[in-house]
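These are my notes on the model you sent, set out as numbered points. They can be read alongside the coordinates.

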Amino acid sequence: MPKFAVILAAAGQSSRFTSGRRKKPFVELKGRPLWVRCADVFSSVDDVTSIAITIADEDIDWFRDTFRANLGFMNVEVVSGGAERADSVQNALAQIPDDTDYVAVHDAARPLITKQWVRAVFDEAVAHGAAIPAVPIAGTVKKVDETNAIEETVPRAGLWEAQTPQVFQADLLRRAYAKRGGFQATDEAQLVERIGHPVRVVNSSPMNFKITTSDDFKMAEALINRLPTEAGGLGSLHPFSDGPGRLFD
Ligand SMILES: Nc1ccn([C@@H]2O[C@H](COP(=O)(O)OP(=O)(O)OP(=O)(O)O)[C@@H](O)[C@H]2O)c(=O)n1
Ligand SMILES: C[C@](O)(CO)[C@H](O)COP(=O)(O)O
């Protein structure tokens, strides 16, 4: 069975998230912090053999103290974050176990990920070396200038929004990061694309959205609170199938 190392990215500043005093990975969604929800899902996947989480330097002591029990129970390593997301992931990548076959990078700010969705992306990565979940852009896309005037309507055909977990053969991701230089990629796939390796897209669900603003958090709360039980709710959805409607059948 291949060994998967998981990197949870949680070292951002949450500057676009304005509710409360905590940074978003540490905020509780129905009683459980976002990062714990993510780590729980990955630790329930059989072939996950290590989990690391990136934490901003100024939060590391507080994080270790506050979440000592969760870290110990799920055997999660804490890694110092960097200025940008790619810097954080690069730090964590340098510390994954040598015998890792695949690396999965997940935003701690995507708490609605499920075991089934993880499995679908893992399987695609094993088949093709590199895979990410993504959703086709559904709306009409406008390019807008700084005065809020529309410059053009961008054809949406072929445009997809990338999500996480993004999963790669470990050596492939190491090579991609080795060639990164100072380039600030906003996801791993971009770095792998840059070294010429194809990345497969798994048709995902809009429910695996990233909590960026406080409104996103309210949407996550609304979804979670509609579920009869969490174990039989989100977790029981077929991966990447019917979108949000399926939740309320
Ligand atoms: N230097 C950074 C920046 C981001 N992240 C993590 O990457 C994920 C996706 O990033 P984003 O949603 O942009 O988070 P922030 O950078 O915190 O958001 P903002 O830009 O609003 O400050 C988050 O879980 C965030 O904690 C990270 O580990 N290290
Ligand atoms: C990695 C990512 O979640 C893919 O959608 C995203 O690019 C990171 O978020 P950011 O807000 O662009 O930093």
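1. Lysine 30. This is a predicted model, and I begin with one backbone position in it. Lysine 30 is partly exposed, since 13 other C-beta atoms lie within 10 Å, and a residue counts as buried only from 20 such atoms upwards. Lysine 30 sits in the loop between strand 2 and strand 3 (32-33). Although lysine 30 is not a glycine, its phi is positive, at about 45°.

2. Serine 14. Here too phi is positive in a residue other than glycine, with a value near 55°. Most residues other than glycine have a negative phi. Serine 14 belongs to the loop between strand 1 (4-9) and strand 2 (28-29). Is serine 14 buried or exposed? Serine 14 is buried, because 20 other C-beta atoms lie within 10 Å and 20 is enough to meet the cut-off.

3. The cis peptide. Most peptide bonds are trans. The bond joining threonine 164 and proline 165 is cis, with omega about 10°. Proline 165 lies in the loop between strand 10 (160-162) and strand 11 (166-169). Threonine 164 also appears in the shell of ligand 2, which is taken up next.

4. Ligand 2. Which residues surround ligand 2? They are Arg85, Asp107, Ala162, Gln163, Thr164, Thr186, Asp187, Lys210 and Thr212. Sorted by class, this shell holds 4 charged, 4 polar and 1 nonpolar residues.

5. Ligand 1. The shell of ligand 1 has 23 residues, and the closest are Ala9, Gly12, Ser15, Arg16 and Ser88. Helix 4 (residues 85-93) supplies the largest share of that shell, with 3 residues. By class there are 9 polar, 8 nonpolar and 6 charged residues around ligand 1.

6. The nonpolar core. The largest nonpolar core contains 62 residues, and Ile7, Leu8, Trp35 and Val103 have the most contacts inside it. Helix 1 (residues 34-43) gives the most to this core, namely 7 residues. Leaving aside residues up to four places away in sequence, leucine 8 touches Trp35, Cys38, Ala39, Ile51, Ile53, His106 and Ala108.

7. Overall fold and dimensions. The chain has 8 helices and 12 strands. Its radius of gyration is 18 Å, which agrees with the value near 18 Å for a compact globule of 249 residues. Along the principal axes, the C-alpha atoms fill a box of roughly 50 × 45 × 35 Å. Of the 249 residues, 37% count as buried. Among contacts with a separation of 6 or more, 72% are between residues 24 or more positions apart.

8. Confidence. How does the model score on ipTM and pTM, and what are the two values? They are 0.98 for ipTM and 0.93 for pTM. The average pLDDT of the chain is 92, and 91% of the residues score at least 70. Residues 235-249 have a pLDDT below 50, and in the model this stretch has 25 contacts beyond near neighbours in sequence.

Conventions. Residues are numbered from 1 along each chain as its sequence is written. Chains are lettered from A and ligands numbered from 1 in the order in which they are written. This is a predicted model: local features need pLDDT of at least 70, side-chain atom pairs count only at pLDDT 80 or more; totals for chains, interfaces and linings use all residues. Helices (H or I, at least four residues) and strands (E, at least two) are DSSP runs, numbered from the N terminus. A residue is buried if 20 or more other C-beta atoms lie within 10 Å of its own, exposed if 12 or fewer, and partly exposed in between; C-beta atoms are placed from the backbone. A residue is near a molecule or strand if its C-beta atom, placed from the backbone, lies within 6 Å of it. Ala, Val, Leu, Ile, Met, Phe, Trp, Tyr, Cys and Pro count as nonpolar, Asp, Glu, Lys and Arg as charged, and the others, Gly among them, as polar. pLDDT is the predictor's confidence in each residue, from 0 to 100. Two residues are in contact if their C-beta atoms, placed from the backbone, lie within 7 Å. A nonpolar core is a set of buried Ala, Val, Leu, Ile, Met, Phe, Trp, Tyr and Cys residues joined through C-beta atoms within 7 Å. The radius of gyration is taken over C-alpha atoms; the globule rule is 2.2 Å times the number of residues to the power 0.38.
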